[in-house]
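Me: Could you take a close look at one part of this model for me and then set it against the rest of the chain? Please keep it connected rather than a list.

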Amino acid sequence: MYAKDTIRINHPSEGVTSSFRCQQGVKQGCPLSPLLFGLYLDALKGRLDDKKCDAPTLGDVHVWLLLFADNLALKSESEVGLQQQLDAL
């Protein structure tokens with residue numbers, strides 16, 4: 001279903017482009033999209049669990065990753081800690 005996905009873009013002033021391959025993301029409105037995105041985020045969180053370098057704290061809880069809908073924010077107290085998280089991706 002996603003293996004040979006092609007898309008076209010409808011530009012307001014230049015019209016519709018020719019078809020080209022889409023190799024990233026999930027289709028909007030596809031019933032599988034939330035499941036595929038959830039599986040991706042679960043695997044991503046697993047890879048980042050060991051990289052909580054310099055995570056800021058809220059009370060006694062380390063807050064190193066914020067997830068909401070299709071948004072993700074990595075948190076760190078230092079540039080080095082954030083870079084270590086990014087390298088894990």
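Reply: Happy to. Let's begin with Asp5, which counts as buried at 14% relative accessibility; bear in mind throughout that this is a predicted model. The cut-off behind that label is a relative accessible area under 20%, so the 14% of Asp5 falls within it. Along the chain, Asp5 sits in the segment before strand 1, which covers residues 6–7. Leaving aside residues up to four places away in sequence, the contacts of Asp5 are with Phe20, Arg21, Cys22 and Lys27. Two of these names lead straight to another element, since strand 4 is made of residues 20–21.

Following the chain on from strand 4, we come to the loop that leads to helix 1, and Cys30 is found there. Cys30 is buried too, with a relative accessible area of 10%. Burial is worth pointing out here, as buried residues make up 16% of the 89 residues in the protein.

How far is Cys30 from Val63, C-alpha to C-alpha? The two are 32 Å apart in space, with their positions 33 residues apart in sequence. Val63 brings us to another neighbourhood: it is among the residues that Ala55 touches, along with His62, Trp64, Lys75 and Glu77, again not counting residues up to four places away in sequence.

Ala55 and Trp64 also belong to the largest nonpolar core, a group of eight residues completed by Leu41, Leu44, Leu48, Leu65, Leu74 and Ala88. Helix 1, residues 33–48, gives this core its largest share, three residues.

Now for the wider frame around these places. The protein has two helices and eight strands, and their order along the sequence is β-β-β-β-α-β-β-β-β-α. Its radius of gyration is 18 Å, well over the 12 Å that the globule rule gives for 89 residues, so the protein is more spread out than a compact globule. In terms of principal axes, the C-alpha trace spans about 55 × 30 × 20 Å. Of the contacts between residues at least 6 apart in sequence, 32% join residues at least 24 apart.

As for the surface, about 7,100 Å² is exposed, and carbon and sulfur atoms supply 55% of that area. If you are thinking about electrostatics, there are 9 positive and 11 negative charges, and their mean positions lie 11 Å apart.

Note on methods:
Residues numbered from 1 in each chain as written. Predicted model: local features only at pLDDT ≥ 70, side-chain atom pairs only at ≥ 80, totals over all residues. Heavy atoms only, no water. Helix = DSSP H or I, 4+ residues; strand = E, 2+ residues; numbered from the N terminus. Rg over C-alpha atoms; globule rule 2.2 N^0.38 Å. Buried < 20%, exposed > 50% of the residue type's maximum accessible area, 1.4 Å probe, protein only. Contact = heavy atoms within 4.5 Å. Areas by Shrake-Rupley, 256 points an atom, 1.4 Å probe, with all protein chains shown as cover. Lys, Arg positive; Asp, Glu negative; His and termini not counted. Charge placed at Lys NZ, Arg CZ, Asp CG, Glu CD. Core = buried A, V, L, I, M, F, W, Y, C linked by side-chain atoms within 4.5 Å.
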